[in-house]
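Welcome, and take a moment to turn the model around before reading on. The report below is meant as a guided first walk through it.

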Amino acid sequence: MFKYFHLTKLQRLGILKWSLYGLLTLLVLLLQTVVLSKHTGLASKPALLPGLIVCVCVREGPEKGGAYSILAALLWCLSGADFGNLSVAVVPVGAMLAAVLCRAVLTLRFFPTALCCLAVTLLDASVIFAFKLILPPAVALPNYWRVLLPAVAAAMVFVPIHYGLVKLISRIGVHDAL
Amino acid sequence: MKKHLSAKTKWLIVVAVLLAGLLTITAAVNRGRPGESLIQTALTPFRSAASTLVRQVERYYDYVFRYESLQAENEELKRKIIAMEEDVRTADALQRENERLHQLLGLSQEHEDYQRVSAYIISWVDSSWKSAFTIGKGTNSGIRTNMVAITEYGQVVGLVTDVGPNWATVTTVLDSSLGISATVASTGYNGVVEGALATGSEGLLRMNYLPTDSVLRNNDQVLTTGSTVYPRGLIIGYITDADFDQTGVAKYALLKPAAELDDLEQVFIITEYENQ
């Protein structure tokens, strides 16, 4: 089928790589909405997608990764995320800046990436919280450290898994490109 | 760092910000995001498959690890059934007396005829500030917005707030955005029940605007009073605590929801009812 479309091996591997990123995004979205958000008594619900988006963006660079991050954030928003409109701006912009920062100043290793994941996840949650503080029915300020920070901490537990999987997927086609 | 920010990256940042602005404006104007229905419809089969898998895993886990506690719970329930059967016998006698009195007074019999559609929960909203879930049925099954979701025991779960062809979003009673006109079954005090999520009492409901002199007891049942949205007599929850509100003029009560939302797998949407 690929021969029919006159695709080179590198292009085919590129399609495979981005398809796997797409599949990973879908799986993380399902894990987040079907499994982790189920228990209503536990108010802190971790948002895993910002961490994954940052990992991909840092690995793939601010351009390709940036385009992916916009699409992934858009999917998250349109899947019914609360205040997802804000995340469409905050998460991709944060991820692109993280990618630029890692390439310019830091490295692509685990700790700088995890730090960027923490920063973007916290920023996204904080921006939404700020709007929730203002708009009725307003949430109480102590919920920031009682609910939001545990949710961000829980999301960070998944970052090593995101990082490992993204690193594996990003290697597809690397040897052929060289 | 500035030199690392290419023109393409700058454009992507502009696109992201513009997209967010556009989504916010269209959501405010149309009361819904453009393309949301399409994405939700496309995601529904994946969510259904994932939730079915999760349910099977949970059932297996419960069978393996919670067998003894379930057995104890079963024994407790058996004891409760025996006690309730006795209550029912007393209630039967009272009902017969009530019917006789109704006939004597010529009052019409209250009858609520519910048409229900059952649906499985396929995903939950991933926000800490909102309590809502998606079910795997929508307009194709006759579900519309502002229909009430209940459990098989007639306990209020929430309200359908958004709907697509094969999905619907149910905002639960725990969410602070819902307000339900309610009454305390034993005393008849009226008030409005809202979710206490925003006030920091997760998992509880708050019944506001109760009279200052109202006497409230723990475990008093709170029911819907009946409105254009909520049928009359559905169980909302049980009183766990009460106090004066900030003004000191009215009282409020904290309620434990009757429906166990954490263990919920299936809900019933009331598509038609009559409030007489």
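What follows describes the two chains, their meeting place, the cores and the barrel.

## The two chains

Please keep in mind that this is a predicted model. Start with chain A, which has eight helices and zero strands. Along its sequence the pattern simply reads α-α-α-α-α-α-α-α. The radius of gyration of chain A is 17 Å, close to the 16 Å that the globule rule gives for 178 residues, so chain A is as compact as a globular protein of that length.

Chain B has another make-up: three helices and twelve strands. The table sets out some values for each chain.

| Chain | Box filled by the C-alpha atoms, along the principal axes | Buried residues | Contacts joining residues at least 24 apart, among those at least 6 apart in sequence |
|---|---|---|---|
| Chain A | roughly 60 × 35 × 25 Å | 47% of 178 residues | 68% |
| Chain B | roughly 85 × 50 × 35 Å | 33% of 276 residues | 56% |

## Where the chains meet

How many residues of chain A are in contact with chain B? There are 50 of them, and they touch 49 residues of chain B. On the chain A side, the elements that give two or more residues are α1, α3, α4 and α6. Helix α4(A) provides the largest share of that side, with eleven residues. Sorted by character, the chain A residues that touch chain B comprise 32 nonpolar, twelve polar and six charged ones.

## Two nonpolar cores

In soluble globular proteins, nonpolar side chains tend to be buried together. Here the largest nonpolar core has 57 residues. Those with the most contacts inside this core are A:L49, A:I53, A:V54, A:C57, A:A73, A:A95 and A:A98.

Which elements each supply at least two residues of this core? In chain A they are α1 (9-36), α2 (49-60), α3 (64-78), α4 (84-104), α5 (110-134), α6 (143-157) and α7 (159-170), and they are joined by α1 (7-30) of chain B. Helix α4(A) gives the most to this core, with 13 residues.

For a closer look, pick out A:A95. Leaving aside neighbours within four places in sequence, A:A95 is in contact with A:I53, A:V54, A:C57, A:G65, A:S69 and A:V120. Apart from this core lies another one, of 49 residues, and its members include B:A168, B:A196, B:L210 and B:Y252.

## The barrel in chain B

Now turn to the strands. Strands of a sheet pair through backbone hydrogen bonds, either parallel or antiparallel. In chain B, six strands close into a barrel in the order β6-β7-β8-β11-β10-β9, with antiparallel pairing. On average, neighbouring strands of this sheet are turned by 40° against each other, direction ignored.

You can follow part of the barrel strand by strand. Strand β6 (residues 179-184) of chain B runs antiparallel to strand β7 (residues 190-195) of chain B, and five bridges join them. Within this pair, B:G179 stands opposite B:E194. The hairpin of β6(B) and β7(B) has five residues between the strands, and there B:G188 takes a positive phi near 85°.

The next pairing is that of β7(B) with β8(B), antiparallel over four bridges. B:E194 appears again here, standing opposite B:R206 in β8(B). Strand β8 (residues 205-210) of chain B is in turn joined by four bridges to strand β11 (residues 251-257) of chain B, and these two also run antiparallel. One bridge partner to look for is B:L255 in β11(B), which faces B:L205.

## One residue in a later strand

A last stop is B:F268, in strand β12 (residues 266-272) of chain B. Is B:F268 buried or exposed? The answer falls in between: a residue needs 20 or more other C-beta atoms within 10 Å to be buried and 12 or fewer to be exposed, and B:F268 has 18, so B:F268 is partly exposed.

Not counting residues up to four places away in sequence, B:F268 touches B:R116, B:V117, B:S118, B:I150 and B:E152. As for B:T169, this residue is 99 residues away from B:F268 in sequence, while the two are 13 Å apart in space, C-alpha to C-alpha.

Terms used: Residues are numbered from 1 along each chain as its sequence is written. Chains are lettered from A and ligands numbered from 1 in the order in which they are written. This is a predicted model: local features need pLDDT of at least 70, side-chain atom pairs count only at pLDDT 80 or more; totals for chains, interfaces and linings use all residues. Two strands pair if DSSP finds at least two bridges between them. Axes are lines fitted to C-alpha atoms, for helices over the stretch in contact, and angles run from 0 to 180 degrees between N-to-C directions. A nonpolar core is a set of buried Ala, Val, Leu, Ile, Met, Phe, Trp, Tyr and Cys residues joined through C-beta atoms within 7 Å. Two residues are in contact if their C-beta atoms, placed from the backbone, lie within 7 Å. The radius of gyration is taken over C-alpha atoms; the globule rule is 2.2 Å times the number of residues to the power 0.38. Ala, Val, Leu, Ile, Met, Phe, Trp, Tyr, Cys and Pro count as nonpolar, Asp, Glu, Lys and Arg as charged, and the others, Gly among them, as polar.
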